Structure formats: structure tokens, C-alpha cells
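Thank you all for making time this morning. I would like to walk through one structure slowly, going from single residues to the whole chain, so please have the picture open in front of you.

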Amino acid sequence: MESRIVDRTSGESVRRSVVLGGGGIPGTAWMTGLAAELRRRGIDLGAADSIVGTSAGAVVGAALIAGRDLDAFADDPRPPGSTQPPTAVKPELVATVFSVLSDRTLDRDTARRTVGRLVMAEEPAQPAHIEPMEWLVGGNDWTDHRLQIVVVDAATGQRQVWDSSSGVPLPTAVTASRSFPGAFPPVVVGDRYYIDGGVWSPTNADLAPNSDAALIIEPLAHRFPPEQVRAELAKTVTDTVIRFAPDAATIDVFTRSATNPDVLAAWPEAFQAGIRQADDLAKQLIDAGW
């Protein structure tokens with residue numbers, strides 16, 4: 001966690017950026033609870049000048065921009081009365097993907113293309129996969145230009161960044177960004193297969209525009225070396241950086257959820273963990289002049 005204080009004595013408005021990283025279903029729940037409690041304390045992350053969302057962060061970022069009632073997702077992110085079961089996870093494919101991405105004998109582009117070939121052999125997402133996301137993010141349209149959603153082109157392994165000018169419906173973009181191979185099916189737009197933006201980076205923090213203050217929320221900080229995000233942030237111009245990650249108790253929730261075949265079972269507990277940790281983050285943001 002890193003923080004520097006913003007000098008606001010000039011009275012000028014402060015440009016704020018929020019980067020929401022990947023973290024799977026428990027990470028989505030944790031960030032949603034975190035943002036819900038911050039909003040109750042008068043800190044609305046959805047009011048930031050820019051939001052970069054990757055995977056879980058794309059889901060939360062879209063809900064924030066739309067002004068959704070985050071407490072409505074405290075127990076279940078699916079539409080009320082939904083009977084659709086969660087997508088069946090393919091543990092073998094997930095393990096293979098992690099193995100390829102962590103293989104340091106492969107250059108990153110080769111590793112991503114290898115993952116992409118595995119993904120394009122899978123059945124792509126159907127409308128039934130995207131419709132619940134339309135409900136969760138509050139509609140089909142982007143409400144403004146502030147949100148950037150990160151995806152990876154499965155064939156090339158290259159990162160793409162979608163926003164309100166990209167011509168991709170918001171629920172489709174969010175679904176693609178969180179489509180980690182083996183956990184969710186790839187999303188086809190045009191004739192291209194797209195997958196989780198986390199295949200490129202768990203945060204994609206280098207996309208944060210120049211700002212006075214940047215908040216980087218990293219659900220998977222315990223799984224990746226901190227140098228990766230530092231290197232990404234070195235490409236930006238930001239006076240103040242606050243990095244926030246799950247604490248030990250929250251990590252325990254994430255770890256236990258990984259062995260549960262019911263992928264939504266940990267959602268309520270992870271949401272409450274976010275509420276609990278919001279006290280710490282609120283203090284850091286206030287101290288930093290947010």
C-alpha cells in the first residue's frame with residue numbers, strides 16, 4: 001500500500017482516477033462492498049474523473065458509473081428471482097491457463113496467444129451470459145466517457161481498451177473483460193474472440209490518465225509482485241497514489257472460495273469484508289485530500 005499527501009492549498013480542483021483490478025467473483029463482491037460503504041461515508045468512487053476497470057473491476061466500475069444501488073448486490077449479484085445457475089468452472093482449463101501465464105520461459109505475447117488458442121476452442125458466450133450483466137450495470141448503454149474497460153484479443157494476445165466510443169454495448173464489454181478462460185466463456189464481437197483483461201495485467205494501472213490522485217484497488221495484490229503495478233504507474237503522471245488490497249481476513253475468504261464448486265457461495269461474506277475494510281480506505285482517502 002502506498003500513499004502520498006496531495007497539496008491542495010491552491011484551492012484548485014483535484015483530478016481523481018480510480019483503477020479497479022481483477023479478482024474473480026469474490027474480488028467483485030469485495031470491491032462492491034467496499035464502494036458501497038465508502039459511498040455511505042460520502043466518498044463516491046463513481047464520481048472520479050476516470051475509472052479503469054479490468055475483469056471484476058470492469059463489473060464494479062460499470063455499476064459505479066451507472067449509479068447503481070450497490071447494496072442491492074449484498075447477497076447475490078444476479079437479477080431478483082433469477083434461476084440461472086452460475087457458469088460451470090473448468091478447473092483443468094483454469095489451471096492450464098495459469099500455468100501458461102506464469103511460465104517465464106515464454107515471452108508474454110507468446111503466452112497470451114497460447115491462452116487465446118485454448119480459448120477459441122471453447123463455446124463462446126451466449127445472450128444468456130450477457131443478459132444478467134445488462135441488469136447489473138443498469139442497461140445496455142454507456143452513460144458517459146469516463147469508464148475504460150480492458151479486454152484481450154484472444155487471437156493476437158493484445159490488449160484492447162473499450163469506452164463509450166468503441167461501439168460495443170456496455171454489458172458485452174463488461175462480460176468480455178471478466179471472461180477468464182475456464183471460468184467464463186469468451187465473448188465474440190464481430191468475428192473476434194475477447195477474453196479477460198487480466199490476461200494482460202491484473203490492474204492495467206498504466207491506463208490511468210494523468211491526475212492529482214489515483215486510487216488503485218488490487219484484489220489480487222497477494223498473488224502478484226508489487227513491482228508490476230509500480231512499473232505500470234511509472235508510465236503515468238500522478239501526484240498521489242493510494243494502493244489498496246485485501247487484508248489477511250479477506251484473503252482467507254478468497255482462498256476458501258477457490259475450493260467451493262458453488263462460485264457464488266462466498267459472495268455475501270466477501271461483500272461484508274469490503275464493508276469492513278472501507279474504514280481503513282476511507283481514512284487514507286481523507287488524509288490524501290480525496
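Let me begin with serine 55, which has a relative accessibility of 6% and therefore counts as buried, since the cut-off for that word is under 20%. Before I go further, I should say that what you are looking at is a predicted model, so please take each value I mention as something computed from that model. Serine 55 sits in the loop between β2 and α2, the latter covering residues 56–65, and its backbone has a positive phi of about 60°, although the residue is not a glycine.

There is a second residue of this kind to look at, and that is asparagine 204, which has a positive phi of about 55° and is likewise not a glycine. You will find asparagine 204 in the loop that runs between β6, residues 192–196, and β7, residues 211–217. Is asparagine 204 buried or exposed? Its relative accessibility is 0%, so it counts as buried.

Now, which residue touches asparagine 204 from strand β2? It is threonine 54, whose place is in that strand, residues 50–54. Leaving out residues up to four places away in sequence, threonine 54 touches a long list of others, including Leu20, Gly21 and Gly22, then Val150 and Ser177, and further along Gly197, Gly198, Ser201, Pro202 and Thr203. With a relative accessibility of 0%, threonine 54 counts as buried.

Ser177, which I just named as a contact of threonine 54, takes us to helix α6, where it is one of the buried residues. Why can we call this helix largely enclosed by the rest of the structure? The reason is that eight of the eight residues of α6, which covers residues 170–177, are buried. Among them are Leu170, Pro171, Val174 and Ala176.

Let us stay in α6 for a moment and pick out alanine 173, which lies in that helix and, at 0% relative accessibility, counts as buried. If we set aside its neighbours within four places in sequence, alanine 173 is in contact with Trp142, Ile149, Val151, Trp162 and Val168. Leucine 101, on the other hand, is 72 residues from alanine 173 along the chain, and their C-alpha atoms are separated by 23 Å.

Next, please find tryptophan 267, which lies in helix α9, residues 267–287. Its relative accessibility is 3%, so tryptophan 267 counts as buried. Which residues does it touch, not counting those up to four places away in sequence? They are Ile25, Thr28 and Ala29, together with Phe73, Ala74, Asp75, Asp76 and Pro77. Taking proline 77 as the example, tryptophan 267 is 190 residues away from it in sequence, and yet the two C-alpha atoms are 8.3 Å apart in space.

Two further residues can be set side by side here. Phenylalanine 244 lies in strand β8, residues 238–244, and with a relative accessible area of 0% it is buried. Threonine 255 lies in helix α8, residues 248–257, and at 48% relative accessibility threonine 255 counts as partly exposed.

With those residues in mind, let us step back to the chain, which contains nine helices and eight strands. Of its 290 residues, 52% count as buried. Among the contacts with a separation of 6 or more, 80% are accounted for by residues 24 or more positions apart. A compact globule of 290 residues would have a radius of gyration near 19 Å, and the chain has 18 Å, which agrees. Taken along the principal axes, the C-alpha atoms fill a box of roughly 55 × 45 × 40 Å. The accessible surface comes to about 12,600 Å², and 52% of that belongs to carbon and sulfur atoms. As for charge, there are 26 positive and 37 negative charges, and their mean positions are 3 Å apart.

Finally, a word about confidence, which I would ask you to keep beside everything above. The mean pLDDT of the chain is 92, and 94% of its residues reach 70 or more. Where does pLDDT stay under 50? That happens over residues 1–10, for which the model nevertheless has 27 contacts beyond four places in sequence.

Key
Residues numbered from 1 in each chain as written. Predicted model: local features only at pLDDT ≥ 70, side-chain atom pairs only at ≥ 80, totals over all residues. Heavy atoms only, no water. pLDDT = per-residue confidence, 0-100. Contact = heavy atoms within 4.5 Å. Buried < 20%, exposed > 50% of the residue type's maximum accessible area, 1.4 Å probe, protein only. Helix = DSSP H or I, 4+ residues; strand = E, 2+ residues; numbered from the N terminus. Rg over C-alpha atoms; globule rule 2.2 N^0.38 Å. Areas by Shrake-Rupley, 256 points an atom, 1.4 Å probe, with all protein chains shown as cover. Lys, Arg positive; Asp, Glu negative; His and termini not counted. Charge placed at Lys NZ, Arg CZ, Asp CG, Glu CD.
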